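This report describes one protein chain, moving from a single residue to the pocket, the core and the overall fold. The sequence and structure are shown first.

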Amino acid sequence: MDTDSYIAFLVVSALLVVIDAVIITISGRKYLGDDDHPGRSVAASWLTTTLFTLIVLGLVALISTVDLPVDGELQKLVTKLGIVLLLLAVAHAITMTVLARYRGEERQEHLVDELAEQSRVHAKKPEVSPSIERGEPYSKV
């Protein structure tokens, strides 16, 4: 690949990665939206997106150095961009799986907290005997 094609490949690939990273960040925040702990979902989304970006850009750099057995500079460029697009699709799917798993864990944690709170509320209520609830007079046995 000549220098112009090489630079074009790197620029187009980097743009594709950045666009996908922005999509993941925005949708990840909405997907993980946690009203109780908004900072957590933003942090998880940023960390996951950063990891996604670094891995994919590293793979793009490696793909750019591979010499493909394809005739013509344009065909090589298109083939490499096709590989990058497939790589982006797989990386995007893995990232969304990670976010879904994190969301499931957060929801489980939230349910456990709710159940614990309900248990505390019920434990604080004094128990009333069924006869008093029905309005029957107190009698000794």
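## Thr48 and its surroundings

Thr48 is located in helix α2. The model is a predicted one. With a relative accessible area of 15%, Thr48 is buried, because the cut-off for that class is under 20%. Leaving aside residues up to four places away in sequence, Thr48 touches Thr95, Val98 and Leu99.

Two of these partners, Thr95 and Val98, appear together with Thr48 in the lining of the second largest pocket.

## The second largest pocket

The second largest pocket holds about 150 Å³ of space. Its lining consists of Thr48, Leu51, Phe52, Ile55, Val56, Leu59, Leu87, Ala91, Ile94, Thr95 and Val98. Helices α2 and α3 each supply at least two of the lining residues, and α2 has the largest share, with six residues. By residue class, the lining divides into nine nonpolar, two polar and no charged residues.

Ile55, one of the lining residues, also belongs to helix α2. Its relative accessible area is 47%. Ile55 therefore counts as partly exposed, since the exposed class begins over 50%. The C-alpha atom of Ile55 is 8.6 Å from that of Ala91, although the two residues are 36 apart along the chain. Ala91 is likewise part of the pocket lining.

## The largest nonpolar core

The largest nonpolar core has 17 residues, and those touching the most other members are Phe9, Phe52, Val56, Val60, Val84 and Leu88. Helices α1 (3-32), α2 (38-65) and α3 (73-124) are the elements that give two or more residues to this core. The greatest contribution is that of α3, with seven residues.

Val56 is a member of this core and also lines the second largest pocket. Not counting residues up to four places away in sequence, Val56 is in contact with Val17, Leu87, Leu88 and Ala91. Among these partners, Leu88 is another of the core residues that touch the most other members, while Leu87 and Ala91 line the pocket.

## Leu10 between helices

Leu10 lies in helix α1. Its relative accessible area of 30% makes Leu10 partly exposed, because this value falls between the 20% and 50% cut-offs. Beyond residues up to four places away in sequence, Leu10 touches Val60 and Ser64. Val60 is itself among the core residues with the most contacts to other members.

Leu10 and Ala61 are separated by 51 residues in sequence, and their C-alpha atoms are 7.7 Å apart.

## Annotated transmembrane regions

An unreviewed UniProt entry carries the annotation "transmembrane region" for residues 6-26, 46-66 and 78-100. In the model, residues 6-26 are 100% helix and 0% strand, with 30 Å between the end C-alpha atoms. For residues 46-66 the figures are 95% helix and 0% strand, and the end C-alpha atoms lie 31 Å apart.

Several residues described above have positions inside these annotated spans: Leu10 in 6-26, Thr48 and Ile55 in 46-66, and Ala91 in 78-100.

## The chain as a whole

The secondary structure of the chain amounts to four helices and zero strands, in the order α-α-α-α along the sequence. Of the 141 residues in the chain, 23% are buried.

Of the contacts between residues at least 6 apart in sequence, 73% join residues at least 24 apart. The contact of Thr48 with Thr95 is one example of a pair from distant parts of the sequence, and the contact of Leu10 with Val60 is another.

Key: Residues numbered from 1 in each chain as written. Predicted model: local features only at pLDDT ≥ 70, side-chain atom pairs only at ≥ 80, totals over all residues. Heavy atoms only, no water. Core = buried A, V, L, I, M, F, W, Y, C linked by side-chain atoms within 4.5 Å. Buried < 20%, exposed > 50% of the residue type's maximum accessible area, 1.4 Å probe, protein only. Contact = heavy atoms within 4.5 Å. 1 Å grid on protein atoms, 1.4 Å probe; cavity = no way out; pocket = protein on both sides within 12 Å on 5 of 7 lines; lining within 4 Å. Points joined across faces, edges and corners; volume = space filled by probe spheres on them. Nonpolar A, V, L, I, M, F, W, Y, C, P; charged D, E, K, R; others polar. UniProt positions renumbered as here; feature names shortened; annotations may be inferred.
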